[in-house]
Amino acid sequence: MRSAQQILADSAVIAVVGASRDPHKAARQVPAEMQQYGWRIIPVNPTVDELFGEKAYPSLADIPHPVDLVDVFRPAADAVEVVRQAVAVGAPAVWLQLGIVSAEARRIAEEAGIDYVEDRCLIVERAAAGLTRLG
């Protein structure tokens with residue numbers, strides 16, 4: 001299993017489940033900052049058409065190309081189904097944001113052999129490792 005920072009270093013395209021249009025929510029701020037550092041952010045939110053200058057998709061299964069990482073901004077109870085969907089679309093890694101923990105989601109990811117991170121923040125890990133995808 002790769003470390004959180006290795007997952008970020010290896011990922012170029014991040015699908016963000018629960019991405020928000022509300023500028024005061026972490027589900028808007030975190031993906032926007034990752035995009036500023038060069039990651040391609042694919043929003044997954046059935047209530048919006050576009051976020052971060054990218055087409056939004058209602059579910060992971062609707063994204064027409066592979067993603068390197070599925071980042072989850074949904075309650076822990078929803079994380080189990082999101083991880084099932086991530087496995088189904090062949091995502092190599094799932095990341096549950098700060099404050100989101102699910103033993104069942106972890107079990108599904110481990111059984112599928114995909115990398116799994118929970119209760120950690122993308123931008124904190126990116127900054128700690130000094131990672132960027134720019135230039």
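## A bridge between E5 and E6

Start with Val-72: its bridge partner in E6 is Leu-96. That pairing sits in a predicted model, where strand E5 (residues 69–72) runs parallel to strand E6 (residues 93–96) and the two are joined over three bridges.

Leu-96 has plenty of other company. Setting aside neighbours within four places in sequence, its contacts include Val-72, Ala-79 and Val-83. They also take in Ser-102 and a run of residues further along: Tyr-116, Val-117, Glu-118, Asp-119 and Arg-120.

## The sheet they belong to

Zoom out and you get an open sheet of five strands, paired in parallel and ordered E2-E1-E5-E6-E7. Strand E2 (40–44) and strand E7 (115–117) are the edges, each pairing on one side only. Going from one strand to the next, the twist averages 20°.

## Two nonpolar cores

As a rule, nonpolar side chains in soluble globular proteins tend to be buried together. Here the largest nonpolar core holds 25 residues. Leu-96 turns up again, listed with Leu-60, Ile-63, Val-70, Val-83 and Val-94 as the residues with the most contacts inside that core. The elements giving two or more residues to it are strands E1, E2, E5 and E6, plus helix H3 (76–88) and helix H4 (103–112). H3 chips in the largest share, five residues.

There's also a second, separate core, this one of 24 residues. Ala-4, Val-30, Phe-73 and Leu-122 are among its members.

## Helix H2 and its buried face

Val-30 takes us to helix H2 (residues 26–36), where Ala-27, Val-30, Pro-31 and Met-34 are buried. Look down the axis of H2 and its buried residues fall within an arc of 90°, so they line one face of the helix. What do the buried residues of H2 pack against? Their partners are helix H1 (4–10), strand E1 (13–17), strand E2 and helix H5 (122–129). Just after H2 comes Gly-38, with a positive phi near 105°.

## Where H2 meets H5

The axes of H2 and H5 come within 9 Å and cross at roughly 35°. On the H2 side, the contact is made by Val-30, Glu-33 and Met-34; H5 brings Leu-122, Ile-123 and Arg-126. Sort the residues of this contact by type and you get four nonpolar, two charged and no polar. Val-30 and Leu-122, one from each helix, are both in the second core as well.

Conventions: Residues are numbered from 1 along each chain as its sequence is written. This is a predicted model: local features need pLDDT of at least 70, side-chain atom pairs count only at pLDDT 80 or more; totals for chains, interfaces and linings use all residues. Side-chain values use heavy atoms; hydrogens and water are left out. Two strands pair if DSSP finds at least two bridges between them. Helices (H or I, at least four residues) and strands (E, at least two) are DSSP runs, numbered from the N terminus. Axes are lines fitted to C-alpha atoms, for helices over the stretch in contact, and angles run from 0 to 180 degrees between N-to-C directions. Buried means under 20% relative accessible area, exposed over 50%, partly exposed in between (1.4 Å probe, protein chains only). The arc is that of the directions from the helix axis to the C-beta atoms. Contact means heavy atoms within 4.5 Å. Ala, Val, Leu, Ile, Met, Phe, Trp, Tyr, Cys and Pro count as nonpolar, Asp, Glu, Lys and Arg as charged, and the others, Gly among them, as polar. A nonpolar core is a set of buried Ala, Val, Leu, Ile, Met, Phe, Trp, Tyr and Cys residues joined through side-chain atoms within 4.5 Å.
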